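The questions below go through a few side-chain contacts and surface features, each worked out step by step before the value or name is given.

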Amino acid sequence: MLNYGLMNLISELEKEFVSLGEALTPNLVRVATKDREYELRLPQLGLDFVAGLHHGVVLVLPVQTISQVMGSYLPIRTELTLQDFLARQRTPIRLRLTTSDQQSSCWLLNLENGWLRVAIAKGVGWVPISAIRSLEIVAVDNSNH
């Protein structure tokens, strides 16, 4: 049986490790998927996605597509789902969207019951959030207006 002094020491060490984990959040992580590896600046970890800046655009990767996050610490945790994150964006927003079977450029118009309503070259389409492998939120140049 452990004595009280040793149990107290273990408890203090646990508190110290927890506070270290809360205090240290990375500014950069590498995220690996089945197909490639991404370097994300200012990463955030949602309930079902990881997002961050990749080559000047916001890259969002659903957790089910990620095989590994490399870094000493996990990104800052947020209680948002991917649907919540996208719903908070001012629409329409320009996306480069990769799904299970294709990559396309489109405009996110709105979300409805787990589906993205997007404007594509051929009109309007619907994409299930579950089919998303990655999406990039692309800046739009409105300097001419």
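Q: In which strand does V124 lie?
A: In this predicted model, the strand that spans residues 123–128 takes in V124. That element is numbered strand β10.

Q: Which residues make the nonpolar surface patch, and what is its area?
A: V124 of strand β10 contributes to a nonpolar patch on the surface together with W115 and W126. Membership in a patch requires over 30% relative accessible area and no salt bridge. The patch made by W115, V124 and W126 covers about 320 Å².

Q: How many salt bridges does a search of the whole structure find?
A: One of them joins the side chains of R30 and E37, with 2.7 Å from N to O, and R96 forms another with E136. The search of the whole structure gives a count of two.

Q: Which parts of the chain does the pair R96 and E136 link, and how many residues apart are they?
A: The closest N and O atoms of R96 and E136 are 2.7 Å apart, within the 4 Å cut-off for a salt bridge. R96 belongs to strand β7 (residues 93–99), whereas E136 belongs to strand β11 (residues 132–138), so that the pair links distant parts of the chain. Their separation is 40 residues.

Q: Is E136 buried or exposed?
A: Its partner R96 has a relative accessible area of 35% and is partly exposed. For E136 the relative accessibility is 17%, and because buried means under 20%, the residue falls in that class. E136 therefore counts as buried.

Key: Residues are numbered from 1 along each chain as its sequence is written. This is a predicted model: local features need pLDDT of at least 70, side-chain atom pairs count only at pLDDT 80 or more; totals for chains, interfaces and linings use all residues. Side-chain values use heavy atoms; hydrogens and water are left out. Helices (H or I, at least four residues) and strands (E, at least two) are DSSP runs, numbered from the N terminus. Buried means under 20% relative accessible area, exposed over 50%, partly exposed in between (1.4 Å probe, protein chains only). Patches are made of residues with over 30% relative accessible area and no salt bridge: like charges are joined within 9 Å, nonpolar side chains (Val, Leu, Ile, Met, Phe, Trp, Tyr) within 5 Å. Accessible areas come from the Shrake-Rupley method with a 1.4 Å probe; for residues, only the protein chains shown count as cover.
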